[in-house]
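Thank you all for coming; I would like to spend a few minutes on the pockets in this structure, and on which parts of the chain line them. Please have the sequence and the model open while I talk.

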Amino acid sequence: MKFPKLRVFLSKIEYNVRKLQELCGREKIEIVGVTKGCSAIPEVAKIMVKGGIKTLGDSRIKNIKRLRKNKIAAEYMLLRIPMLSELQEVIDYCDISLNSEIETILALEEIAKKNNKMHKIIIMFDLGDLREGFLLEDIDRIARDLYNLQRIKIIGVGTNLGCYGGVLYTTEKMEKLIEIGKQLESRLKQEIPVISGGSTASLGLIEKNEMPQEINQLRIGEAILLGRDTTGNRKIPYLVQDTFILQAEIIEKRRKGSVPQGTIGRDAFGNVPKFIDKGIRERSILAIGKQDCQIDNLKPLDEGVEILGASSDHLIIDTENSRKNYKLGEFIEFQMGYRAVLSLTTSKYVNIEIVN
């Protein structure tokens, strides 16, 4: 297969799925397997289902359509708040959606009626991260305006923390979400069975026995895909991390100075670069760039390799301290974080190799 190549190790991802199912299962917490971090690679979604996950979540309807086309038997949840312009597709392809606008929910109700379908929703609340969600003072309005829904079934309340504002999940935040669920149940005079308590970043509460027992759903992507928790700034110790490996080919190798010669202006992305003079060094250029990947989220597997920078299509590395004598046409391997996997799987220029 041609380079750049992203190798996806399914057996390692399955290991993470099963370990998380074991952890969350003890607490009677359902895992929604989030596929958006790898742009919904069908083989990865199948591994999630094989590991016991019944609901798959993604932020893009295009990804959900792709998984349905591959006949992956699961319930599908739309994670991003629906656009008014895509509501017909929400009803057509999604079993559940997360919502935070009355107008959107009422519009979904009308489309569901016309299509003679039932659609489930989780109502999102903003508990301080300042991304999506109703505020606490909206509860009365929600109960008033959504009291007589016929084709939209409110099955739960949820929240998202960490992704925008960096706010951490705490027992107090979870207890507040549980109380919101109870208040909505009382006002709507119906059971709201799902309390969707967040994402990978919530796992720490389970590990420390600080997760309230009423929390019964987590939407987990990063821990499954990479065994990491970026919000908590940690590798999750009972999971594996080398699930995705990038291979990029060397297209130039020679010794050069470490500081550009001439007047320094801005680079192709509008930044003024800074350099440290290390003298003449062995440098290589790899055939991948910022158009394909979040370069600062890559880590060379060879500890003697240092990433110097990148342009749209070129990644420049220093191999002076490597014990290996790399040759033109060989490849350098990288481990990566969530942002890098997301960008690499989105790029049409990166080849994906599935390894069982």
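I will take the two pockets in turn, beginning with the largest one.

Please keep in mind throughout that this is a predicted model. Rolling a probe the size of a water molecule over the atoms is what shows where empty space is left.

The largest pocket holds about 1000 Å³ of space, and its lining is made up of 36 residues, with Lys36, Arg131, Cys163, Tyr338 and Leu342 lying nearest the centre. If you look for the elements behind that lining, at least two residues each come from helix H3 (61-69), strand S10 (228-229), strand S17 (331-336) and helix H10 (338-346). Of these, H10 has the largest share, at four residues. As for the character of the lining, 14 of its residues are polar, 12 are charged and 10 are nonpolar.

Let me now turn to the second largest pocket, which encloses about 800 Å³. Here 30 residues form the lining, and those that lie nearest the centre are Pro273, Phe275, Arg283, Leu308 and Gly309. Which strands each supply at least two residues of this lining? They are S12 (244-256), S13 (281-286), S15 (306-310) and S16 (315-318), and among the contributions to this pocket that of S15 is the most, with five residues. Sorted by class, the lining of this second largest pocket has 14 nonpolar residues, 10 charged ones and six polar ones.

Definitions and conventions
Residues are numbered from 1 along each chain as its sequence is written. This is a predicted model: local features need pLDDT of at least 70, side-chain atom pairs count only at pLDDT 80 or more; totals for chains, interfaces and linings use all residues. Side-chain values use heavy atoms; hydrogens and water are left out. On a 1 Å grid over the protein atoms alone, a cavity is a set of points where a 1.4 Å probe fits but cannot get out, and a pocket is an open set with protein on both sides within 12 Å along at least five of seven lines; lining residues have an atom within 4 Å of a point. Grid points are joined across faces, edges and corners, and a volume is the space filled by probe spheres set on the points. Ala, Val, Leu, Ile, Met, Phe, Trp, Tyr, Cys and Pro count as nonpolar, Asp, Glu, Lys and Arg as charged, and the others, Gly among them, as polar.
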